[in-house]
Amino acid sequence: MMEYKGNPVSEGIAVGKVYLYQPYVPQVTEGEIPEGEVPGAIARYETLLEGAKKELEQICRRLEAAGDGDKAKIFTAHTDILFDVAMDEEIRDKITYDFMTPEWAIHKVYEKFIKILGKSKDSLIRERAADLRDVKNRLLRIAAGVPEKNLAALEEPVIVAAHDLLPSDTATLDRKQVLAIVTEVGGATSHSAIIARSYEIPALLGVEGILSCLSHGQEAAVDAIAGLLVTDPSPEQKAEMEKKREAFLLRRAEEKKFLSLPPKMADGTLLPIHLNLGSADARELAGEAYTDGVGLFRTEFIYMGREQLPTEEEQYEIYKQLLTAYGDRPVTLRTLDIGGDKKLQCMELPKEENPFLGNRALRLCFSMPEVFLTQLRAALRASVHGDLWIMFPMVGSLDDIRRAKELLETAKKQLEERGVPYSSTVKTGIMIEIPSIALIADLAAREVDFASIGTNDLTQYSIAVDRMNPALGEYYQSYHPALFRLMGFVIDSFAKEGKPVSVCGEMGGDPWAAAVLAGLGISKLSMGLASVARIKKLLSGLTMEKAQELADKARSLSTSGEVEDYLKAQLEPLLQAP
């Protein structure tokens, strides 16, 4: 039995088997075989085909048994690719006549067809390129004798342990089978943390070097409240964990009673609660019934896990679906925010020494105006289906704002030339996440209709701490009084112009910070669905007068620790109350 400390970023308790997740990256080298070995190489290729077919059939059976037929269809299509006549014949020819090893022949033929499909004007055909790459990697992995690691079709409930989970890893994660997540890197605002909270999966991040300390199938207990991972727990420890888990689930059940209630404070003040979303699928839109709008739609997720950039039509359909679901409630669409910790398969980004300070988000869009204009046109077209607010990320100056607005006007003119309608009431706003724009918020407020504070990056840039580095966790201080002072200035500056400011960073779903934000005069809070009930419960016991008192005190204290201790002492009773 060993204990390891980590950063508890999504509350919960879990006991189960460890599933070591290390995505396979094929390493293929050019190889030839003697002519006399051709029959054996062909036989080996056929063995690889059969092995891949069996894996795909098992995945389909598991997904269908779990009632996930849509995902099963993806893997059925992969079986069809596996036995595609043209590719199969070409691979056999390269082995037979060019004396290539089966691995090199598979690589060459699949890459050829991937390139052909990738150049198609038909978006559906281009999408097949990604499927071909998946099948190719499966064959090469089997050839290398490496067992499959797939988060989409887990065979039993497990604790997923990984170096990190990227958005592409979590896009198909089978959350019913994931008891908890443990990673070696990542902090409270990493994508692993955000996904875990949205799925209500206990998560312990920043457990350095843990993969070398765990074995596949080993039993472990995760306490993502105390920040502890226990390997090979004793029966007594498991019983203690189960007792703590029951108490936690009881508290969460009490909070969920507030989910469908309006976000009303104890004195009757309504503070709208909006949802942070990464897609428009039914699973994510489940929070529509409990929220007043979408405060942040992370459009970058549309671009992830793809070989080709999404077309204008594809984006339009997604935005339309989202706006239609919310009707007359506002939907804030954040334009493409790539860079930093977010990469794309379909876009080559140069390696940078400091990617968080590099060519990312709006800066990247300025360097690729056609990509940006495609997104803006799609958003504008969808605006006729609801109340659209367009928000630009990573704004550092008034020049950035004006340049982005000019491109938006260009997109409007392009639609007008095509005779395509769009709403004339679309609002334009900015993310406040760079201190330079926060400090001239009084000037920025005259340029835009609204602002939303991205507390994750505003904290990172204001305190000069890499939020992805677990070794610097003590320095990433979300309750730093300087942050509350800075946010207070932003909110006051926009209020003087009669314009709203929301918060869409992780602070919005943090009950201690949310209480202060209410007191600072925030117009609305936006968060993941998992936080909505808890924040509504907190607000129900809090008056605006008390919130203002908390905000004044938080700005007057000396350190982040003092602020956190003060807020917990003041607010813990509200969350514990039945």
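## A515 and its surroundings

Is A515 buried or exposed? A515 is buried, because its relative accessible area is 0%, and the cut-off for buried is under 20%. Bear in mind that this is a predicted model.

A515 sits in helix α18, which covers residues 511-520. Setting aside neighbours within four places in sequence, A515 touches L538, L542, A547, L550 and L571. Its C-alpha atom is also 8.6 Å from that of Q548, a residue 33 places away along the chain.

## Helix α18 as a whole

A515 has plenty of company: 10 of the 10 residues in α18 are buried. Among them are P511, W512, V516, L517 and L520. What covers these buried residues? The cover includes helices α17 (481-496), α19 (529-540), α20 (544-556) and α21 (560-576), along with β15 (501-503) and β16 (524-527).

Now for the ends of the helix. At the N-terminal end, D510 acts as a cap, with a side-chain oxygen 3.0 Å from the backbone nitrogen of W512. Just past α18 comes G521, with a positive phi of about 100 degrees.

## The eight-stranded sheet

Elsewhere in the model there's an open sheet of eight strands, ordered β1-β8-β7-β3-β4-β5-β6-β2, and the pairing is mixed. Its edges are β1 (2-5) and β2 (7-10), each pairing on one side only. From one strand to the next, the twist averages 30 degrees.

For the parallel part of that mix, look at β5 (residues 178-183) and β6 (residues 203-205), which pair in the parallel sense over two bridges. Here V182 stands opposite L204 in β6.

## Strand β7 and its partners

Strand β7 (residues 219-223) is mostly covered, with four of its five residues buried. Which strands pair with β7? One is β3 (residues 13-21), antiparallel over five bridges, and K17 stands opposite E219 in β7. Another is β8 (residues 228-231), also antiparallel, joined to β7 by four bridges. In that pairing, A221 faces V230 in β8.

β7 and β8 make a hairpin with four residues between them, and G227 in the turn has a positive phi of about 80 degrees. Helix α8 (residues 235-256) lies across β1, β3, β7 and β8, running at about 110 degrees to β3.

Conventions: Residues numbered from 1 in each chain as written. Predicted model: local features only at pLDDT ≥ 70, side-chain atom pairs only at ≥ 80, totals over all residues. Heavy atoms only, no water. Buried < 20%, exposed > 50% of the residue type's maximum accessible area, 1.4 Å probe, protein only. Contact = heavy atoms within 4.5 Å. Pairing = 2+ DSSP bridges. Polar contact = N/O pair within 3.5 Å; in protein donor to acceptor, adjacent residues only side chain to side chain. Axes fitted to C-alpha atoms, helices over the stretch in contact; angles between N-to-C directions.
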